[in-house]
Amino acid sequence: MSTVQPRRSSRRRTATTKASFKLINDAHSTEDEEPGLDNGDGDGDGATQQRGAKRQKTKGSYAKTTVTKKLAGSRKRGRLSALPEMPLDILFEILKYLDPLDLLRMARTTKDLRSVLMNRSALSVWKSARANIPFLLDCPEGVSEPAFANFMFTTNCHVCLSPRAAYSFAARCVRYCKNCIDRKVIWKPYSNLDLSSALPGGRAASFKLMYTYEVNRPNTPIAGVWLQQDYDDLLKEYQEFPESATKAEDFLELKKSTANNIGEREYEYRDWMEQQEALRAMQRYAARDERRDAILDRLTTAGFGEDIRGMATWELQQFRNHHMVKQPRLLSDRIWKNIEPTMVALMLMFRNQRRQRERAKIIARRRELFARMVNLYERECPLGEVVPSAADFYFLDSATTVRQIIEESPDEEEITLEHFAQYKNQLPQICSEWKTSMIPQLLSVIQRATGEEVDESVLHLAKTIFACRLCDESIFYPEILAHACLQEPPLFDPVDVSRRSTLIDLETAPWNENHALTYRPRRVDSASEVIRGCGLKPDTAKTEDLDAKEFWAMSLTADLGDVEVMDWRRAVRVSHIHPDDQWCQLSKPESMRCFGDVELMFYLNSITIVACVHCRALLLSRDLIDHMSDHKVGPVERSDFFVHRDNPTICTFSTSISVDQCGAKELL
Ligand SMILES: [Zn+2]
Ligand SMILES: [Zn+2]
Ligand SMILES: [Zn+2]
């Protein structure tokens with residue numbers, strides 16, 4: 001490998017002489033032709049001295065005058081062709097502000113410029129160009145400055161010149177494409193005994209002498225390769241090494257660090273490339289941001305300021321990702337002229353969407369007001385009254401006028417509760433009609449589950465409990481018509497988008513639109529056991545019959561001498577959880593009284609949600625004493641508050657008393 005240092009030469013006015021070409025060759029000590037520089041023929045990296053000499057002749061035969069004459073005809077290159085005419089010191093003074101890539105491009109424009117830049121006298125220009133790139137690696141020994149620049153700043157294959165060659169070898173400053181790499185590397189070098197035995201020291205020393213590059217091809221494991229050029233040079237150097245008895249050892253000693261140095265160079269290069277990639281990415285982002293801001297400025301000037309400020313997050317995203325916006329190219333007047341119609345159309349679309357959103361907000365507020373009106377009505381009803389949800393009312397024909405007020409009044413019209421006053425007066429009538437209209441639905445749920453024809457009377461039986469798929473509670477009729485879970489909007493969007501947004505505004509859905517209602521015959525069977533335990537016939541006993549009786553005992557802890565005591569509704573609702581329990585009616589009025597106190601104490605110490613019967617406020621049961629003192633009521637009694645039957649927390653109440661106390665012993 002030649003390591004000739006470039007010789008200093010005095011500045012020359014004429015760029016193209018045989019002598020200058022010779023100097024270029026000196027500068028290109030590895031290669032006379034730096035790869036990719038000339039878009040002409042092939043094997044840039046592997047050119048031999050002979051070939052270099054041939055090229056030299058060819059180039060040298062160009063006379064300066066011929067070239068300039070030829071180029072003078074070309075308008076495009078007219079100005080550039082004057083550059084080599086300039087005094088060299090002035091030209092170099094200008095060129096030293098360029099980057100290596102600029103110099104490479106310049107060298108490719110005309111033969112004259114090429115001659116100037118490939119001249120050894122231009123070495124300082126290349127060096128200062130290199131210094132213009134912060135943190136750039138040094139030019140490796142034995143590689144010319146242009147060859148180094150070509151390797152670092154272009155991506156062509158050094159054999160076939162195809163762009164974006166994937167495999168780089170930094171210590172040699174060569175790069176190959178996937179088609180050419182096969183001819184340039186030795187695959188599986190360590191498994192080839194002929195190769196390693198040809199090296200001084202044989203196979204063992206080959207690890208020290210040859211650097212193994214990693215080649216990462218798609219869909220193939222990473223391969224370790226030797227560069228053919230490394231191998232050939234090493235063999236040649238060894239042949240030229242002075243003969244002696246200890247030739248192999250001496251050579252090895254001399255070359256020991258070769259592979260290490262190459263490895264370090266590779267590492268530095270990868271590191272540099274990663275940094276550059278990160279830098280380029282940052283620059284791209286910055287350029288994109290700049291373009292986007294410039295477009296926004298133009299649109300603001302065009303009167304879209306309000307629309308820009310009112311863009312929704314997803315619209316902003318859509319705008320940023322628009323192919324005309326998301327480009328790292330700065331916005332020029334010409335570009336703006338091209339993209340303006342599309343951008344304006346986009347903004348008009350956003351404006352339209354924004355107005356629709358604003359309209360939807362106004363309607364949403366009116367619907368919320370409607371829901372509030374329904375809520376106020378419910379609070380005026382007797383405690384525990386079944387009142388449908390706002391969504392149930394909203395979609396009924398009777399609400400047509402109200403819907404028109406909400407959905408069709410102009411934006412600026414303030415809608416208040418007053419607008420719904422007339423409608424509110426009709427609610428008792430609408431409620432009762434609605435309840436009747438729901439009965440066929442309830443019956444069909446029972447029929448589907450049991451396969452039996454049933455009529456309305458079955459709903460009033462004490463054993464008839466429905467189940468909720470969402471909370472798994474058992475619920476009686478008519479409370480099932482107001483069960484909160486059944487008023488939840490369905491999880492999956494109904495196809496109708498406007499209906500969906502109505503449900504969101506009202507925060508409820510029409511009853512059982514989410515299909516959470518179900519009927520489980522096994523629960524009815526265990527409920528029947530409770531009723532039988534009370535001495536009644538499940539097929540005829542109605543809820544009102546059982547409400548007349550007060551408490552029931554459960555034999556859960558009978559072996560400890562205690563029984564679990566609870567109200568019959570709770571017993572029916574939980575009976576399916578312990579289907580083997582025996583149920584009986586409490587017989588002693590004393591135990592009921594005792595139980596009554598226990599129940600009151602339970603509420604006063606728990607956090608069940610209850611309603612005050614005096615002011616209808618909802619509160620936590622443990623706050624009852626404080627609350628009642630405001631009403632000047634005391635001591636608190638069970639009749640001072642109301643626990644909704646649909647409130648699942650009511651099920652938390654039960655208590656254990658001794659079998660003797662409840663008088664149920666003889667029944668167990
Ligand atoms: Zn190639
Ligand atoms: Zn539920
Ligand atoms: Zn109150």
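I count two residues as in contact if their C-beta atoms, placed from the backbone, lie within 7 Å. With that in hand, I looked at this predicted model. Among contacts in the chain with a separation of 6 or more, 66% are between residues 24 or more positions apart.

**Entry: the whole chain**
I looked up the secondary structure next and found 28 helices and 15 strands. I also checked burial: 30% of the 668 residues count as buried.

**Entry: helix H17**
I picked H17, which covers residues 333-380, and asked what its 48 residues should span. At 1.5 Å a residue, the answer is 70 Å, and I found the end C-alpha atoms 68 Å apart, which agrees. I then followed the helix along and met a bend of about 50° at Ile339. A proline, Pro341, follows within four residues of that bend.

Which residues of H17 are buried? My list has Met343, Leu346, Phe350, Ile363, Arg366, Arg367, Phe370, Met373, Val374 and Tyr377. I kept a rule beside it: an α-helix has 3.6 residues a turn, so residues three or four places apart point the same way.

**Entry: a three-stranded sheet**
I turned to an open sheet with the strand order E7-E6-E8 and antiparallel pairing. Why do E7 (474-476) and E8 (517-518) each have one side without a neighbour in the sheet? They stand at the edges with a single partner strand each, so that side is left free of a neighbour.

I looked closer at E6, residues 465-468, and found three bridges joining this strand to E7, with the two running antiparallel. I noted one pair by name: Ala467 has Ser474 in E7 as its bridge partner.

Note on methods. Residues are numbered from 1 along each chain as its sequence is written. Chains are lettered from A and ligands numbered from 1 in the order in which they are written. This is a predicted model: local features need pLDDT of at least 70, side-chain atom pairs count only at pLDDT 80 or more; totals for chains, interfaces and linings use all residues. The expected span of a helix is 1.5 Å times one less than its number of residues. The bend at a residue is the angle between axes fitted to the seven residues ending there and the seven starting there. A residue is buried if 20 or more other C-beta atoms lie within 10 Å of its own, exposed if 12 or fewer, and partly exposed in between; C-beta atoms are placed from the backbone. Two strands pair if DSSP finds at least two bridges between them.
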